[in-house]
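Student: Before we begin, could you put the model on the screen, and then take my questions one at a time?

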Amino acid sequence: MLQGRSLSVTSLSGLPQWEVEELPVEDLLLFEVAWEVTNKVGGIYTVIQTKAKTTADEWGDNYFLIGPYFEHNMKTQVEQCEPINDAVRRAVDTMNKHGCQVTDHADGKHVIAQFHEWQAGTGLILSRARKLPIATIFTTHATLLGRYLCAANIDFYNHLDKFNIDKEAGERQIYHRYCMERASVHCAHVFTTVSEITAIEAEHVLKRKPDVVTPNGLNVKKFSAVHEFQNLHAMYKARIQDFVRGHFYGHLDFDLEKTLFLFIAGRYEFSNKGADIFLEALSRLNFLLRMHKSDVTVVVFFIMPAKTNNFNVETLKGQAVRKQLWDIAHSVKEKFGKKLYDALLRGEIPDMDNILDRDDITIMKRAIFSTQRQSLPPVTTHNMIDDSTDPILSTIRRIGLFNSRTDRVKVILHPEFLSSTSPLLPMDYEEFVRGCHLGVFPSYYEPWGYTPAECTVMGIPSVTSNLSGFGCFMQEHVADPTAYGIYIVDRRFRSPDDSCNQLTQFLYGFCKQSRRQRIIQRNRTERLSDLLDWRYLGRYYQHARYLTLSKAFPDKFHMEPTSPPTTEGFKYPRPSSVPPSPSGSQVSSPQGSDVEDEEEDGRYNEEEEAERDRLNIKSPFSLGRVPHGNKKLHDEYKN
């Protein structure tokens with residue numbers, strides 16, 4: 001079943017422009033209500049935080065965010081000030097005196113209130129029940145029941161029209177929350193969701209077809225120098241290499257310059273996030289690399305928070321050993337350098353047999369002895385509370401990826417979000433992502449998917465699936481996503497085993513790339529970031545606001561029901577130069593040859609290709625002014 005397209009279009013060239021007149025924001029108030037306003041729980045926090053600037057630029061002091069009050073969040077994320085708007089100030093004063101109460105309408109201004117998820121739905125339901133003159137929008141970022149059913153390994157998407165929704169919600173003891181969610185959906189003037197795949201789900205689970213699909217965006221930071229993000233990749237990769245040196249001390253018999261860093265990150269939802277299929281694919285990848293006697297090593301990080309009671313002692317020891325060896329090497333180097341310097345000043349060539357004394361030799365021998373290790377490098381950095389039942393660790397035991405010397409795929413579970421203050425891996429998440437080579441997110445249930453989107457804007461290739469909103473978005477707008485470093489696993493129309501084989505081939509093909517091919521691919525990936533910028537995707541939210549005003553205040557605002565031109569038939573074009581990964585006719589060795597690199601030099605012109613790509617993204621469109629009063633608000637479309 002295919003979902004109808006949303007009433008918005010992209011900004012790609014070749015498409016008619018969408019030109020509508022601007023809302024009189026000086027006569028409107030916009031409120032967004034969510035549990036994750038300054039309260040990081042999941043992806044909704046990122047949506048609101050990254051969208052706040054572009055929305056505030058448009059609405060100025062008439063834009064307000066409402067969320068839960070937590071003292072620790074207030075201290076770090078909020079700058080307190082007095083409300084400028086009189087109506088809002090009176091409402092705040094009233095709440096301070098008597099608790100949360102419904103106040104009078106805001107001095108004749110029309111109010112738009114957007115509620116995110118069921119936790120905020122109470123305000124929407126009460127507003128409609130009390131017939132407050134408010135234009136309402138309800139946005140679901142994922143349905144409650146959908147997340148629960150997918151986590152239970154149910155064939156969700158092939159049985160969407162067969163579920164007894166009330167029964168399933170009751171059995172999972174979420175019926176009260178489901179009722180809140182469904183009531184919010186049906187009370188809202190406009191119902192939106194974040195992707196086409198979630199729109200299909202919502203129509204069946206919540207019994208209402210979304211009015212508008214509002215894809216999630218990011219604030220894209222563009223560097224003035226073309227290669228600056230490549231330099232950041234090299235810098236942060238070196239820091240990850242330092243961690244790997246310590247973690248694998250005593251077993252560091254692989255070349256770090258031929259080592260690829262892969263990662264998966266997010267909530268610990270083993271099946272929903274695709275960790276199950278990823279681990280199985282890693283087992284098959286390990287077999288392929290060993291069978292072909294590859295000199296490429298793959299180190300895979302699982303950044304998924306779980307219950308722990310402290311750092312793993314062996315992991316801490318590894319970093320201590322690495323630091324000790326570094327200090328010893330620097331000490332000996334300084335000694336060596338001073339003796340060499342003195343000899344050169346005397347006009348002599350130093351005797352290399354005597355430049356290191358016995359103490360130096362003894363210190364180095366002790367250092368080498370300290371790297372001896374009887375056990376294998378640990379597969380987790382922390383002591384897990386539920387070690388025996390943990391899904392990731394249980395699967396690692398089953399497939400036998402224990403970081404042995406013969407394994408070409410090494411696995412590290414880091415069951416804690418990354419932090420620059422960590423004694424193990426002192427890096428923020430963004431720094432870590434920039435230092436990796438590939439993010440892998442083959443999700444089964446992912447209404448949008450911020451993790452691959454964040455990889456894209458940082459120029460890091462990623463794996464996603466056609467059951468994620470991000471994957472569907474890229475399939476729709478990019479002719480050859482793989483050429484741009486977006487690998488899309490088919491988890492909707494293939495069996496689990498076939499999907500796993502496809503993922504394995506993606507990973508193996510990535511391992512076969514030469515260093516130059518990876519650089520070319522990262523350049524292409526970064527150029528897709530314009531598609532994910534709120535400057536472009538913000539128009540979907542604008543359209544939802546126009547629509548809710550026309551429904552709530554039809555005597556003041558009116559929209560023609562005409563749909564915009566379809567985006568079907570246009571794709572972000574395939575790069576015309578060399579493909580980013582070796583073709584099937586090339587040898588199976590993961591290391592590219594010098595001949596291949598020379599051919600690429602002759603066929604790839606980065607500036608020409610970048611210019612062609614830039615032509616496909618137009619400058620952000622501007623909205624004209626909309627008349628206020630008993631006049632019409634039109635959607636106009638020009639060729």
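Student: Is I363 buried, partly exposed or exposed?

Tutor: Bear in mind that this is a predicted model. I363 belongs to helix α12, which spans residues 358–370. Buried would require a relative accessible area under 20% and exposed one over 50%, and because the value for I363 is 37%, this residue counts as partly exposed.

Student: How many disulfides does the count come to?

Tutor: A disulfide needs two cysteine sulfur atoms within 2.5 Å. C436, which is buried with a relative accessible area of 0%, has its closest cysteine sulfur in C455 at 8.1 Å, and that is too far for a bond. By the distance rule, the count of disulfides comes to zero.

Student: Which residues of β9 point the opposite way from T297, V299, F301 and I303?

Tutor: In a regular strand, side chains alternate between the two faces of the sheet. Strand β9 covers residues 297–303, and seven of its seven residues are buried, so burial holds for the residues pointing either way. Opposite to T297, V299, F301 and I303 point V298, V300 and F302.

Student: Which residue in β12 is the bridge partner of I303?

Tutor: On one side, β9 is joined in parallel to strand β8 (residues 259–265) by seven bridges, and the chain passes between these two strands through helix α10 (residues 275–291) in a right-handed β-α-β crossover. Strand β9 also pairs in the parallel sense with strand β12, residues 409–414, over six bridges. Within that second pairing, the partner of I303 is H414.

Note on methods
Residues numbered from 1 in each chain as written. Predicted model: local features only at pLDDT ≥ 70, side-chain atom pairs only at ≥ 80, totals over all residues. Heavy atoms only, no water. Buried < 20%, exposed > 50% of the residue type's maximum accessible area, 1.4 Å probe, protein only. Helix = DSSP H or I, 4+ residues; strand = E, 2+ residues; numbered from the N terminus. Pairing = 2+ DSSP bridges. Right-handed = clockwise from strand over helix to strand, strands pointing away.
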